[in-house]
Each structure stands twice: as C-alpha cells, then as structure tokens.
Amino acid sequence: MSRALLLALAFAAAGPLAAAAGASADAADTGPAVAPAGPAAAPERVAADRHDDGRRTMGRLPANLGRSLIGVWNADNLTPFLAGGVATSASSFFDKDAQEAATNQLGWSDTFETAGGPLYSTVFVAGMFTAGRFVKSRRFRAMTYDMLDAAVVNFTYTEIVKVAVGRERPNGQDEKSFPSGHTSNAFAMASLAQLHYGWKIGVPAYALAGLMGVSRIHEDKHWLSDVVAGAALGYVVGRTVVRVNSRGTDGAHRRATLGVVPVVARRTRGLQMMATF
C-alpha cells in the first residue's frame, strides 16, 4: 500500500466515522450533561456525563493539555500503573522468545507500522478533530477533542520515557525502543473510543490496538515488554484525558493554585509545594 494512499485513507476516514457517530449518538445527546465535580472522579463514573460540559473548547485546549499532563499522576491511575508495571516486568522474561516466534513476517504488519507512524496518525487525529467541529453529535465532538488532547499527552510521555530509558531496539536501529510509541498511541485512542462509546466500539478498537503491538514485534522494532508498556501507558493517558476533560463546568471555573509552605524542623529546612488544578 503506497504512502499516498495511506495518507488519503487516514484523513478520509474521519468523514464516515463522523456520520456514523452522529447517527448513533443523537438520542444520547438530547439532554444537558452535568458531570460530577472533583478531581478524583474516575472516567468510568463520568462515562455518561462527559458531553458539552463547557471544558472542551479551543480556548481551553492549552489548559486542558496541561491538566492532562499533570493528571496522569492522579491516584486514580495507581491501579493501572501497578498492573502495567507488573505486566511489563513479567513480559520482559519472554522478550527473546517472542522475537524468535516473530521471524515469519505477517503480510499486514508493514501496513500497520506505516499507518500507525507519526505522519499518518497525526493526519488521522487532525482529520477526526476537524470533523468533530462540524458535526452536531456532542458525543463525537467530545471524543475527537479528547483524541487531540490524548495524542499530545501520549507523545510527550512516550518520548520522555524513551530518552530516559534508552533501550536499544531489537534491530539495533536506535536506543528508543521502550516503550512502543505506535502501541501507546493506539491504546490511547482505543481507550477513548471505549469510554465514549462503550464496549461495542471498545472491543474492536482494542483489538486493532493489539494488532498494532503485534506488528511492531513482527517488524523487529520492539521487544514484547516495549509493547506491553506502551499499551499500559496509552490506556492510562486515554482514561486520564476523559477524566480531566469531564469534570463539568464547576471544575472548569476553578482556578489553578500553587501553594508554598516553609518547612522548619530540627534537622530539616525546606519548602513544601502544593498544586491544585
């Protein structure tokens, strides 16, 4: 499949998806939504109240990006972080076995690698976001807004971890193997689809994200543990963005504050900082 065709498909996919989402979500978008206030509200608990809450606006996009970047470290993500860490550690024992099992290349793995790369994934997210600005479905608008937010947050954390860890790829191309960026982005998008549209959309979305991870191993670009870590990171980013952007108008008008308190003890001198957002 040529690069030009992939590029066209990535951008054109937003049109049919927007139309389908608008047709299926009209009934769910008829009433006003009031999301629960409070920073610790889990994304599952706000799943039905995340539309048109006064926060998903272009003017608030920079602030929402900042809140999402910080919100990854919310206690609500402790369980998936721990589960992802355990799964990544366990899968590292099978890195070489998985790589040896992937010697026979899959016919579709190259297509997945190209379609999930920075260029085409950026075009896809931009196309979905643009389509979301023109449809009447509040559900679709909210999801496509969150897609742009999640793509930026996921890219930021993925690159930071890649540089910090410096793990060499199986093919020796560079030292940016851990975690898999293709996989983390795919799972971030899949988690958004599931949280906004439920498991009927979430199951195929996660299946495609899983195939993306498999393709990275088959292309000799990542170890199994790189893919598992990418999946965990993407899932955390996706659920964080939905939670942060779904706090409702009460949270939207709450100003971010930074408090600094001096700490003086017998053998301790310093400052204690506390941020609320």
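**Packing around helix 8 and two unusual backbone sites**

Helix 7 (residues 118-132) and helix 8 have axes that come within 8 Å and cross at roughly 150°. Axes here are lines fitted to C-alpha atoms, for helices over the stretch in contact, with angles from 0 to 180 degrees between N-to-C directions; helices are DSSP runs (H or I) of at least four residues, numbered from the N terminus. The structure is a predicted model, in which local features need pLDDT of at least 70 and side-chain atom pairs pLDDT 80 or more, while totals for chains, interfaces and linings use all residues. Residues are numbered from 1 along each chain as its sequence is written, and side-chain values use heavy atoms, without hydrogens and water.

In contact (heavy atoms within 4.5 Å), helix 7 residues including Phe124, Met128 and Phe129 meet helix 8 residues, among them Phe140, Tyr145 and Leu148.

Helix 8 also meets helix 3 (residues 61-71), their axes coming within 10 Å and crossing at roughly 50°. The two are therefore oblique, a class for angles that are not under 35 degrees, over 145 or from 65 to 115. Leu61, Leu65 and Leu69 are among the helix 3 residues in this contact, and Tyr145, Leu148 and Val152 are among those of helix 8.

Two loops deserve a look as well. Most residues other than glycine have a negative phi, and most peptide bonds are trans. The bond from phenylalanine 178 to proline 179 is cis, with omega near -5°, and proline 179 lies in the loop between helix 8 (138-165) and helix 9 (181-197). Aspartate 220 has a positive phi, near 65°, in the loop between helix 10 (199-218) and helix 11 (224-245).
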